[in-house]
Amino acid sequence: MEQNTQLSRRERYLTFFLGSEQYGIGIDRIKEIIAMMKVTNVPKTPDYMRGVINLRGSIIPVVDTRRRFEMEDREADMHTAIIIIEVDKVNIGFIVDRVEEVATIENSNLSEPPKFGNTIDTDFICSMAQIGENVIMILDVLKLFEADELLSLEQIQKNDNSKGE
C-alpha cells in the first residue's frame, strides 16, 4: 500500500510561458508574482540582467528570462509578469511572457529531460511534465545561474539595499 502512495506523490508548480513554450517552477520557491514594472538598468551586468526593481523598499535584481534562454526579445504587454523567487537567500525577479497557473503534477507524469549531447546545456531543466498534449519544462532555478553569478546578484541586492539606510 505504501508503494502506491509513493507513486502518486504530487508536487505543485507555477507554470508560465515564454513564447509558445511552457515552463514550471516549484511553488515552494515562489515569493510573489507582480505585474511588469519599471526596471532600472545596472551598468556592467550580463546582457540577461535587465536591472533592478524597487519592490516596497527592497531592491531586487531582475533577469530577462528570454535573454537568459537566448530567445528573441519581445515587447512587454499586459500579460508580462515578474516572478519573484528566492535562490540561496537572494530574491530574484524573472520576467516571463505570461503566468499560466499553479498546476498539481503527479510524479508519475514527470520524466527526465532529453540529453542533447555535451555541447547543449540543459542542466537547468530538472524534469519534463506531460499533461495531456502539453509538455512543461520544470526548471531548476539554482542551475539557471553559475555560483559566481549568484554572488553578483547577491552583491547587487546588498549594495542597493544598503544605499537606502
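**Exercise 1.** Find the residue of β5 that stands opposite Ile-53.

*Solution.* Step 1: Look along β5, a strand (a DSSP run of E with at least two residues, numbered from the N terminus) that covers residues 58–64. Step 2: Opposite Ile-53 you will meet Ile-60. Step 3: Now check the pairing (two strands pair if DSSP finds at least two bridges between them): β4 and β5 are antiparallel, with six bridges.

A word on the model: it is predicted, with local features needing pLDDT of at least 70 and side-chain atom pairs counting only at pLDDT 80 or more, while totals for chains, interfaces and linings use all residues. Residues are numbered from 1 along each chain as its sequence is written, and side-chain values use heavy atoms, leaving out hydrogens and water.

**Exercise 2.** Place β4 in its sheet and name the edge strands.

*Solution.* Step 1: Follow the order β3-β6-β7-β5-β4, an open sheet of five strands with mixed pairing. Step 2: β3 (30–35) and β4 (49–55) are the edges, since each pairs on one side only.

**Exercise 3.** Is Thr-15 buried or exposed?

*Solution.* Step 1: Find Thr-15 in β1, residues 10–18. Step 2: Its relative accessibility is 0%, so Thr-15 counts as buried (under 20% relative accessible area, with exposed over 50% and partly exposed in between; 1.4 Å probe, protein chains only). Step 3: Look across to β8, where Glu-101 stands opposite Thr-15; β1 and β8 pair antiparallel over eight bridges.

**Exercise 4.** Which residue of β2 stands opposite Phe-16?

*Solution.* Step 1: Go to β2, residues 21–26, which runs antiparallel to β1 and is joined to it by six bridges. Step 2: Tyr-23 is the partner of Phe-16 there.

Terms used:
Helices (H or I, at least four residues) and strands (E, at least two) are DSSP runs, numbered from the N terminus.
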